[in-house]
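User: I would like to go through the reasoning behind some of the labels given to this model. Please set each value against its definition before concluding.

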Amino acid sequence: MGTRFISAVAFYGPKTGRLREVLAGIQALLAEHIGGDFHPYSLDQVHATLIALNGVREGGTVVNEYFLTQAGVRREMDLPRVMDILARRFATPLRVCAGGFRPDQATPFASRGQHLAERTFSVQDRAFVLVGWPAEALAGAVRTRKPLDELRREMNTAGVWHRYHLGATDVDDDLHLVVGHHAGAPAAALARATAAVRDRLVGDPADLAIALTDVKIVAADSHTLAPPLYVGGIPAPEATLLELLKTAATTSGSRDGPHD
């Protein structure tokens, strides 16, 4: 059976300004340290998934894949509500930051049990992953708000379950951007490359903002979202998205990489 991936993402498409500078600099460092074993994403392809909208065919309907696999519940997605949530959440740009933390520095929280200096950039399976967090969450000693996690939790009301919410108390306030993969590079070279990127981000963090115009709905037959079958702004037409889902023989289960 085939697969189809539909997601609400940030930063998909042409890059300019600070975001382009950061991504191009990271890719250059990786190429310098691991050479031909580094397979970069195109800058247009690099994106941050906000919420996956993958579906599973059940008779004549399409139910949310992760509601089914994570919660065991068959829920049709309320796509107009998904668009309303995204429009409201990003009506004011969301500031995010990656980098700026030294390994010996106290941080306002840990991410997946790791220090933010480690989580900011890492190799996950064969993917090179840049991670940032909402500036609001980073600002204080007490983490009172988790804007991205709140967005993902609210999507439950639209029949959409976030894939990293394995349980009711799980939190995912991370923003992941995969910049490329490696083809079996030696562990020592990967360690040097990772350290070089982390060192750069300590002194030159990536301060970014996600406005509503930066949010897109993207459909593809690969979890890397390349090549795209559809790219549209918010709101994306419900009929178009349903047609994309219904014309694909989708299947449930673990079919993604560590991130996309």
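User: In which hand, left or right, does α3 pass α6?

Analyst: In this predicted model, α3 passes α6 in a right-handed crossing.

User: What makes α3 roughly antiparallel to α6?

Analyst: The axes of α3 (residues 79-89) and α6 (residues 147-154) come within 10 Å and cross at roughly 160°. Angles over 145 degrees count as roughly antiparallel, and the crossing angle therefore makes α3 roughly antiparallel to α6.

User: Which residues make the contact between α3 and α6, and how many of them are nonpolar, polar or charged?

Analyst: On the α3 side the contact is made by R81, I85, L86, R88 and R89, and on the α6 side by P147, E150, L151 and E154. By class, this contact has four nonpolar, no polar and five charged residues. Arg and Glu count as charged, and R81 and E150 are among the residues in the contact.

User: Turning to the cavities, what is the volume of the second largest cavity, and why does it enter the count?

Analyst: The second largest cavity has a volume of about 70 Å³, and the count, which takes cavities of 30 Å³ or more, comes to two.

User: Why does the lining of the second largest cavity have one polar residue?

Analyst: The lining includes G132, alongside residues such as L19, V22, C97 and W133. Because Gly counts as polar whereas Leu, Val, Cys and Trp count as nonpolar, G132 belongs to the polar class, and the lining has 11 nonpolar, one polar and no charged residues.

User: Which elements each supply at least two residues of that lining?

Analyst: They are α1 (17-34), β6 (94-98), β8 (127-134), β9 (175-182) and β10 (206-210).

Technical notes:
Residues numbered from 1 in each chain as written. Predicted model: local features only at pLDDT ≥ 70, side-chain atom pairs only at ≥ 80, totals over all residues. Heavy atoms only, no water. 1 Å grid on protein atoms, 1.4 Å probe; cavity = no way out; pocket = protein on both sides within 12 Å on 5 of 7 lines; lining within 4 Å. Points joined across faces, edges and corners; volume = space filled by probe spheres on them. Helix = DSSP H or I, 4+ residues; strand = E, 2+ residues; numbered from the N terminus. Axes fitted to C-alpha atoms, helices over the stretch in contact; angles between N-to-C directions. Parallel < 35°, antiparallel > 145°, perpendicular 65-115°, else oblique. Left-handed = near helix turned anticlockwise from the far one by under 90°. Contact = heavy atoms within 4.5 Å.
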